[in-house]
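Visitor: I am new to this structure and would like to be taken through it step by step. Could you show it to me before we begin?

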Amino acid sequence: MAVAPVTYGASERPPRGDYSRARSDYTCEQDWDTYTAAEHALYARLFQRQLRQLPGQACDEFVHALGPMDIGRAIPRFEDISDALRRSTRWEIVAVPGLIPEHAFFSLLAGRRFPVTVWLRRPEEFDYIVEPDVFHDLFGHVPLLFNPVFADYMQAFGVGGLKAEGLHALEYLARLYWYTVEFGLISTPGGLRAYGAGILSSAGETVYSLTSHKPQRLSFSLERVLRTPYKIDDYQDSYFVIDSFAQLFDATAPDFTPIYQRVGSAPELPINGRLPGERLYAPNAPVAAVPSTS
Ligand code: PHE
Ligand code: FE
């Protein structure tokens with residue numbers, strides 16, 4: 001699970017993290033030398049568990065990118081990942097103390113810089129964490145930044161976020177972030193696969209989102225998503241399925257200004273509701289249980 005950075009401000013408690021180290025754009029030094037051996041080991045356990053979950057569950061683009069990233073034995077140095085990313089899609093990652101305000105977040109994305117939280121969860125948060133930590137941000141978000149289409153989508157999102165701020169439409173754009181970047185599913189000839197970072201950094205939600213009969217899985221439709229609120233404290237009730245990253249990019253390319261107006265005057269949809277004519281995707285067949293090491 002993860003809280004999208006765009007929900008910063010809605011939370012009741014201050015974000016975790018040492019903000020005294022941040023520059024005015026909210027970036028900071030990673031200070032890699034300050035991670036303890038226990039933290040590196042915890043990161044490696046999180047990484048290895050999730051890696052085993054990927055076959056048949058994560059989309060191919062994600063799996064392919066993760067291989068060369070080779071970030072599984074210890075918390076990586078962000079600079080090493082940035083070197084590879086710059087060569088691949090002209091993105092880089094930057095260290096931040098934790099959740100950052102929307103404006104800072106979108107400004108970084110617009111400049112093809114993805115903010116990664118420096119701190120790691122505590123051992124008792126192995127299975128569940130309410131705020132994004134270095135594992136969620138790196139394992140969940142960074143692989144798809146190696147995909148050219150998704151990389152461009154993320155930059156467009158940053159530009160769109162800055163624009164939505166001026167239009168007081170961030171609430172709607174946050175829903176798009178949530179149902180794609182964090183909890184998106186993609187349809188493939190082999191069945192449904194996950195691409196959202198909130199799913200792929202969570203052992204429980206990876207299986208739930210793809211195979212449980214409880215949630216509904218609907219075709220991605222832009223205005224539909226903008227009208228659908230979401231839960232931040234439990235597995236999702238609805239997932240939206242794209243056919244390709246190109247479809248997602250094209251569907252979100254038009255000017256949102258008139259769309260925000262339409263959506264703002266239409267009623268919100270219930271989180272688990274269905275519109276007339278909407279068809280559901282069937283869940284995947286259950287996958288064989290993955291052995292646990294924890
Ligand atoms: N096309 C959107 C706009 O004009 C920007 C955007 C692109 C938002 C991609 C999200 C994702 O506001
Ligand atoms: Fe996230």
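Guide: Let us start with a single residue: this is a predicted model, and in it Ser238 counts as buried, because its relative accessibility is 0%.

Visitor: In which strand is the place of Ser238?
Guide: Ser238, which counts as buried at 0% relative accessibility, belongs to an element that covers residues 238-242. That element is strand 6.

Visitor: Which backbone oxygen does the side chain of Ser238 reach?
Guide: Ser238 touches Tyr179, Gln216, Ile271 and Asn272, leaving aside residues up to four places away in sequence. With Gln216, the contact is a polar one between the two side chains, at 3.0 Å. The side chain of Ser238 also comes to 2.6 Å from a backbone oxygen, and that oxygen belongs to Ile271.

Visitor: Turning to the ligand, which helix gives the most to the shell around ligand 1?
Guide: The residues that surround ligand 1 include Tyr153, Ala156, Phe157, Leu173 and Leu176. Two helices, helix 6 (148-166) and helix 7 (170-182), each supply at least two residues of this shell. The one that gives the most, with 5 residues, is helix 6.

Visitor: How many residues of the shell around ligand 1 are nonpolar?
Guide: Among the residues around ligand 1 are Lys163 and Asp255, as well as Gly160, Thr252, Pro254 and Phe256. When the shell is divided by character, 2 of its residues are polar and 2 are charged, while the nonpolar ones number 8.

Visitor: How much of the accessible area of ligand 1 does the protein cover?
Guide: Polar atoms of the protein approach ligand 1 at several points: a side-chain N or O atom of Lys163 is 2.5 Å from an oxygen atom of the ligand, and a backbone N or O atom of Thr252 lies 2.7 Å from a ligand nitrogen. A polar backbone atom of Ala253 is 3.3 Å from a nitrogen atom of ligand 1. Of the 330 Å² of accessible area that ligand 1 has on its own, the protein covers 92%.

Visitor: Which residues have the most contacts inside the largest nonpolar core?
Guide: This core has 84 residues, and its largest share, 9 residues, comes from helix 7. One residue to look at is Met154, which touches Trp91, Leu109, Phe114, Leu145, Tyr177 and Val181, not counting residues up to four places away in sequence. Leu176, for its part, is also among the residues that surround ligand 1. The residues with the most contacts inside the core are Met154 and Leu176.

Definitions and conventions. Residues numbered from 1 in each chain as written. Chains lettered and ligands numbered in written order. Predicted model: local features only at pLDDT ≥ 70, side-chain atom pairs only at ≥ 80, totals over all residues. Heavy atoms only, no water. Near = heavy atom within 4 Å. Polar contact = N/O pair within 3.5 Å; in protein donor to acceptor, adjacent residues only side chain to side chain. Areas by Shrake-Rupley, 256 points an atom, 1.4 Å probe, with all protein chains shown as cover. Helix = DSSP H or I, 4+ residues; strand = E, 2+ residues; numbered from the N terminus. Nonpolar A, V, L, I, M, F, W, Y, C, P; charged D, E, K, R; others polar. Core = buried A, V, L, I, M, F, W, Y, C linked by side-chain atoms within 4.5 Å. Buried < 20%, exposed > 50% of the residue type's maximum accessible area, 1.4 Å probe, protein only. Contact = heavy atoms within 4.5 Å.
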